[in-house]
Amino acid sequence: VGMPAHMLQARVSVLAKVFAPDSIRQSRPITIYSTLYRVWSSCLTRKVLKEWAPHFPENIAGSLPGRSSRDLSYRQQHAIECALVHKRPRLGLSIDIVKCFNQLGWAPLYHMLHALGLPRDVLEFWFTCLSKMERRSAFLGDLGPAIRCYNGAPEGDPFSVAAMAGLCFWAHNLCATDGVVFDSYVDNWAWSGESTTAVEAAVPKALRFLDSLRLPIDWKKSYPWATQRPDRLSWQRVRPNLFLPALVCEAKDLGIAYKYDGRMHRVARNHRLEEGAQRLERLRQQPRSVLEKASLIQRGKAARAITGDYRILSPHLALGALTDCVQVHGPATALAVTFQRLGLSMDDALLRQRQCLRLFTDGSCSCPHLPEASRAAWAVVMDASESDAEIPTLLQQWRLHRRLPTSFHVVDQGLVPGVQSINRAETIANTTSCPSAEIWTDSTFAMSEWQRALAGSTATWPDLGEELQQVASVRITVHKVSSHQNLDELWGLEQWLAAGNHVVDTAAKAALQREFPLIQAITGNAAGFFAEQRDHLWLFWRYLLQVSQEECRLIRQLAKEVKAHGAPAQDDNHDVPRLPCLSAWEKQDAGPFQTWQVPVASREWLLACSWPPWFTVPLWDWLSGLQWSLQPLRKKAVTGATYLELVVDFVASTKVCPPHELAAARALDKPPKRVDVPCTLRQVVFS
């Protein structure tokens with residue numbers, strides 16, 4: 001019964017419930033089973049919960065499909081708000097069970113699930129799997145010793161969710177009290193009502209039910225509450241007898257902040273401010289993209305307090321709540337950071353003196369002739385010189401010191417997504433957006449894509465075409481600059497543009513080296529493999545060329561000998577002389593052999609056959625003479641006869657060439673003298 005023990009080896013990973021846990025209670029152990037067990041458990045869980053859902057009360061949420069914690073919290077908040085608005089009494093108790101999944105006893109859980117309709121064989125299979133399970137804790141990449149379990153439904157087992165739903169159902173039925181509402185979300189249970197007497201009667205039932213199952217209560221997360229003062233005093237009176245925790249006026253449960261008295265509290269306000277700062281700090285440390293972090297802040301109410309009541313919020317402004325320095329993650333932020341570092345702006349003297357921003361774009365691609373191993377990257381360089389008038393001075397300094405001017409600043413670099421090609425890299429580099437600019441590129445393809453975007457035509461790549469159409473403007477001009485020019489042979493502005501192209505080309509190549517080492521190793525190995533195969537293919541064709549040359553020489557020599565001495569006369573019935581090498585080759589397989597025991601062809605069979613007699617009779621005789629080895633050689637290579645070998649043997653044995661097509665052979669009175677049919681590699685290799 002149950003699955004084999006080797007399929008029930010599980011790994012336990014512990015997840016923290018809080019940012020800085022200080023005890024095991026603030027963690028959540030997740031058990032990771034084998035894939036086969038999870039598939040079985042998931043299918044069983046879906047089927048069971050689908051059958052239970054119509055019969056379970058709507059107050060049981062968290063396990064059944066279509067019932068979320070938000071639905072339960074909204075229902076609870078609505079009841080509390082109605083009591084506060086209409087000044088009606090309402091009180092309740094919320095408890096949290098310590099590691100509820102791992103505290104469930106197998107014996108009572110078996111009977112509770114069987115009473116809900118689960119067959120005994122299914123339950124015995126599941127509990128047998130739990131008894132065979134061995135858990136190994138994972139810590140810092142190492143696995144601990146195997147630990148057997150004797151109770152509990154592990155978190156990570158899909159059917160544990162169904163078991164928890166069954167427990168909540170029996171808690172709802174056995175602890176039911178008139179005038180008291182029971183709400184449950186997995187291991188978070190709550191009782192509430194308008195009658196103090198009814199609630200005080202329901203609480204002891206609940207505590208006895210939990211005590212009978214030996215389910216411990218986490219009193220740090222449990223609390224009584226009330227909306228009116230008389231009920232709060234009543235709680236204070238009975239709390240010592242029931243060993244209940246302190247009364248609260250507000251609490252946070254199920255991800256929602258509950259207020260039970262309708263008042264603002266200084267301690268709670270300060271706690272929320274501290275919690276907000278902690279959230280920002282946690283968000284700062286999370287491995288998310290910069291835009292995603294900014295978007296999370298932007299969607300919250302804190303963004304309104306930071307930026308004001310604007311209809312549109314910039315994620316770059318919201319990012320200020322996370323860090324003092326905006327990271328460069330795209331052309332727009334890269335330009336903004338560069339302007340800030342240089343003390344420039346789009347409306348500053350730079351644009352007023354030159355009238356537009358000058359940018360250089362370029363791409364780089366490794367192994368462009370091998371699409372399977374190519375990698376591409378791009379770069380954008382900004383010309384930070386204030387005007388063209390200072391270019392001669394900057395070039396003169398370069399001639400003296402042989403160092404490129406520092407006026408070229410790399411504002412953006414990146415790796416190409418999707419198809420890896422130099423044309424795609426050049427096109428992506430041109431998606432840099434600014435109000436007015438002149439872009440210099442050495443790619444004719446990138447210029448044509450820009451013109452297609454201006455005209456609204458379809459681009460080569462739809463994703464890049466959409467981006468180009470968003471940034472394409474008549475105020476942005478794209479110009480062509482020659483690549484890889486000799487700077488010493490140029491002068492003036494032409495030399496300056498060539499220097500900018502050289503800088504952006506170097507920046508694109510540097511961006512290509514920022515790829516993960518694993519990716520570089522994989523593409524490098526692929527490129528080496530293709531280069532090796534290309535060299536082998538070149539050697540192979542050279543070998544075939546030399547063989548063809550030698551064959552041609554031998555044929556010409558034979559033709560000369562025949563012309564000089566004449567060809568020897570041969571009778572059609574004369575057998576082909578056997579070569580010595582043929583006998584040595586036949587000795588490799590000494591037999592024994594077997595034949596197909598083909599009977600002698602009768603005249604009736606030959607007349608009934610649709611094939612011509614000149615092919616049928618030789619084929620019949622050839623088949624009757626074939627011999628097959630009973631003990632084939634056991635070597636690494638597969639032994640046997642290929643299709644081509646069989647054809648050659650048929651022609652050599654019968655002196656008849658087979659027809660190209662059997663249907664067309666009826667029109668032939670005699671066999672063809674040659675077979676002009678190209679054969680495939682499969683016909684040569686396969687037997």
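Start by selecting helix 4, residues 106-115: with three residues, helix 4 gives the most to the lining of the second largest cavity. As you look around, keep in mind that this is a predicted model.

**The second largest cavity**

Now add the full lining to your selection: Leu-104, Gly-105, Pro-108, Leu-109, Met-112, Leu-167 and Leu-213. The space they enclose comes to about 30 Å³. Colour these residues by class and you will find six nonpolar, one polar and no charged.

**The largest cavity**

How many cavities of 30 Å³ or more does a search of the whole structure find? There are two, so please move on to the other, counting a cavity as a set of points where a 1.4 Å probe fits but cannot get out. The largest cavity holds about 40 Å³ of space. To see its lining, pick Lys-17, Arg-25, Asp-96, Ile-97, Val-98, Lys-99, Asp-218 and Lys-221. Here the classes come out as six charged, two nonpolar and no polar residues.

**Strand 9 and its partners**

Next, select residues 188-193, which make up strand 9; six of its six residues are buried. Turn the strand to view each face. Asn-188, Ala-190 and Ser-192 lie on one side, Trp-189, Trp-191 and Gly-193 on the other, and both faces are covered.

Bring in strand 4, residues 91-96, which pairs with strand 9 in the antiparallel sense over six bridges. For one of the pairs, click on Gly-92 and find Ser-192, its bridge partner in strand 9.

Then show strand 8, residues 180-185, which also runs antiparallel to strand 9 and is joined to it by six bridges. Ser-184 has Trp-189 as its bridge partner in strand 9. Strands 8 and 9 form a hairpin with two residues between the strands, and there you can stop at Val-186, which takes a positive phi near 60°.

**The nonpolar cores**

Which residues have the most contacts inside the largest nonpolar core? Select Trp-52, Trp-126, Met-164, Leu-167, Trp-189, Trp-191 and Trp-235 to see them; the core has 67 residues. Helix 6, residues 158-174, supplies the largest share of this core, 10 residues. In soluble globular proteins, nonpolar side chains tend to be buried together.

Zoom in on Met-164. Leaving aside residues up to four places away in sequence, Met-164 touches Cys-100, Phe-101, Leu-104, Val-186, Asp-187 and Trp-189.

For the last stop, select Phe-360, Ile-391, Phe-408 and Trp-496. They are among the 20 residues of another core, which lies apart from the largest one.

Notes. Residues numbered from 1 in each chain as written. Predicted model: local features only at pLDDT ≥ 70, side-chain atom pairs only at ≥ 80, totals over all residues. Heavy atoms only, no water. 1 Å grid on protein atoms, 1.4 Å probe; cavity = no way out; pocket = protein on both sides within 12 Å on 5 of 7 lines; lining within 4 Å. Points joined across faces, edges and corners; volume = space filled by probe spheres on them. Nonpolar A, V, L, I, M, F, W, Y, C, P; charged D, E, K, R; others polar. Helix = DSSP H or I, 4+ residues; strand = E, 2+ residues; numbered from the N terminus. Buried < 20%, exposed > 50% of the residue type's maximum accessible area, 1.4 Å probe, protein only. Pairing = 2+ DSSP bridges. Core = buried A, V, L, I, M, F, W, Y, C linked by side-chain atoms within 4.5 Å. Contact = heavy atoms within 4.5 Å.
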